[in-house]
Each structure stands twice: as C-alpha cells, then as structure tokens.
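User: Hi! I'm new to reading protein structures and would like to work through this one with you. Can we start with the cysteines?

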Amino acid sequence: MERRRVVVATGNAGKLREIRAALDGCGLELISRGELGIGGCAEPHCTFLENALAKARHCARAAQLPALADDSGLVVAALGGAPGVF
C-alpha cells in the first residue's frame with residue numbers, strides 16, 4: 001500500500017514524534033514543514049483553532065499536499081484564562 005504524504009505544520013521535533021506515534025499504522029507519510037523548507041506563518045488569531053487552521057493552510061499551499069496542524073497554549077483558570085492563545 002502506498003503511503004499518502006501529509007505535511008505536519010510544526011517545527012517542534014517533539015510534537016512531530018507524538019503525531020507520528022499517534023497516527024502510526026494509518027498509511028501516512030508525515031513530513032514536517034521544516035523537512036520541506038517551509039517557514040512558519042503568523043498566528044494572529046484569537047483562538048487555538050483559527051491559528052491551527054492558518055498553519056495547516058499555509059503548509060498545504062506551500063507544499064501542494066494535505067496538511068495538519070495543532071496550536072496550543074497555557075490557559076490558567078486562576079488567571080482568567082491567561083496567558084491563553086497569546
């Protein structure tokens with residue numbers, strides 16, 4: 001079975017390892033944006049979802065391949081959700 005190439009929109013080697021482990025056996029060849037020479041993109045949005053979508057779309061356009069991304073941050077209830085997405 002031929003593995004489908006998918007860009008993982010991260011420059012974080014640890015995240016790439018985790019995503020590869022989670023999707024192991026799915027028939028995907030997961031390639032980091034760095035392996036393809038794709039730089040990062042702005043993350044100006046107010047939600048983690050919007051920033052993840054921006055990263056995935058940026059990499060998909062640059063590589064002409066499907067892409068996936070995540071975005072995360074620290075949300076502390078005692079600080080009113082800060083620092084949050086920013």
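User: Is Cys-59 buried or exposed?

Analyst: This is a predicted model, where local features need pLDDT of at least 70 and side-chain atom pairs count only at pLDDT 80 or more, while totals for chains, interfaces and linings use all residues. Residues are numbered from 1 along each chain as its sequence is written, and side-chain values use heavy atoms, with hydrogens and water left out. Buried means under 20% relative accessible area, exposed means over 50%, and partly exposed is in between, using a 1.4 Å probe and protein chains only. Cys-59 has a relative accessibility of 1%, so Cys-59 is buried.

User: How many disulfides does the whole structure have, and why is Cys-59 not bonded to Cys-41?

Analyst: A disulfide here is a pair of cysteine sulfur atoms within 2.5 Å. The closest cysteine sulfur to that of Cys-59 belongs to Cys-41, and it's 6.7 Å away, so that's too far for a bond. Searching the whole structure, the number of disulfides you get is zero.

User: Which residues make up the largest nonpolar core?

Analyst: A nonpolar core is a set of buried Ala, Val, Leu, Ile, Met, Phe, Trp, Tyr and Cys residues joined through side-chain atoms within 4.5 Å. In soluble globular proteins, nonpolar side chains tend to be buried together. Here, the largest such core has five residues: Val-6, Val-8, Leu-16, Ile-19 and Leu-30.

User: Which elements each supply at least two residues of this core?

Analyst: Helices (H or I, at least four residues) and strands (E, at least two) are DSSP runs, numbered from the N terminus. With that naming, the suppliers of at least two core residues each are β1 (4–8) and α1 (13–22).

User: In which sense do β1 and β2 pair?

Analyst: Two strands pair if DSSP finds at least two bridges between them. Strand β2 covers residues 28–32, and Val-7 stands opposite Ile-31 in β2. β1 and β2 have five bridges, and the sense is parallel.

User: Which backbone nitrogen does the side chain of Asn-51 reach?

Analyst: Asn-51 sits in helix α2 (residues 48–63) and is buried, with a relative accessible area of 1%. A polar contact is a pair of N or O atoms within 3.5 Å; within protein, one must be able to donate a hydrogen and the other to accept it, and residues adjacent in sequence count only if both atoms are side-chain atoms. One such contact, of 3.4 Å, joins the side chains of Asn-51 and Asp-71. As for the backbone nitrogen, reached at 3.0 Å, that one belongs to His-45.
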